[in-house]
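Me: I'm new to this one, so could you walk me through it? Here's what I'm looking at.

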Amino acid sequence: MPNAREVVEQHLAAFNTHDSERLLAGFTDDAIWATGEDVMRGRTALADLFDDSLWDLQPQLSVVSLVAGEQTVAAELREQIIVGHERRNFRIAVFFTVIDGLIVNAKVYREGVADIE
């Protein structure tokens, strides 16, 4: 079974290849994902988050720093997206809880405004 760090690294790899199926397989059925005031609960809600409209933005995450414990991982990431013809960059911090090789909880803190206009 992968450790917490490996689970998050697999999550980031699936995200960067825009592989929703692989990405969702890394979560528990009742996982919680929180970004700002938005909270998604369960794989069905996460499937709505990690969908084609997200991948249309061509998002990419790169690790700035990552610290892992037994069940928790703290990651500072650089996120790049394309809106129209404009490339946008953000820094985000994500705190993951991993149990039995699956993500059960993630909380995302984003630099600046998360709304895409």
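Me: Let's start small: which residue in β2 does isoleucine 32 stand opposite?

Reply: Keep in mind that this is a predicted model. Strand β1 covers residues 27-35 and runs antiparallel to β2, with four bridges joining the two. Across from isoleucine 32, in β2, stands arginine 41.

Me: And which are the edge strands of the sheet?

Reply: The sheet is open, has six strands with mixed pairing, and follows the order β2-β1-β6-β5-β4-β3. An edge strand pairs on one side only, and that goes for β2 (38-41) and β3 (60-68).

Me: What angle does the direction of α1 make with that of β3?

Reply: Helix α1 packs on the sheet, where it touches β1, β3, β4, β5 and β6. Set against β3, the direction of α1 makes an angle of about 175°.

Me: How many residues apart in sequence are the parts tied together by the pair of phenylalanine 15 and phenylalanine 50?

Reply: These two rings meet edge-to-face, 6.3 Å centre to centre with 85° between the planes. Phenylalanine 15 sits in helix α1 (residues 4-16), while phenylalanine 50 is in the loop between α3 (42-49) and α4 (52-55), so the parts they tie together are apart in sequence by 35 residues.

Me: Is the pair of phenylalanine 50 and tryptophan 55 stacked or edge-to-face?

Reply: Both of these residues are buried. Planes under 30 degrees apart count as stacked. Phenylalanine 50 and tryptophan 55 have 20° between their planes, at 6.5 Å centre to centre, so by that cut-off the pair is stacked.

Definitions and conventions. Residues numbered from 1 in each chain as written. Predicted model: local features only at pLDDT ≥ 70, side-chain atom pairs only at ≥ 80, totals over all residues. Heavy atoms only, no water. Phe/Tyr/Trp six-rings, centres within 6.5 Å; stacked < 30°, edge-to-face > 60°. Buried < 20%, exposed > 50% of the residue type's maximum accessible area, 1.4 Å probe, protein only. Pairing = 2+ DSSP bridges. Contact = heavy atoms within 4.5 Å. Axes fitted to C-alpha atoms, helices over the stretch in contact; angles between N-to-C directions.
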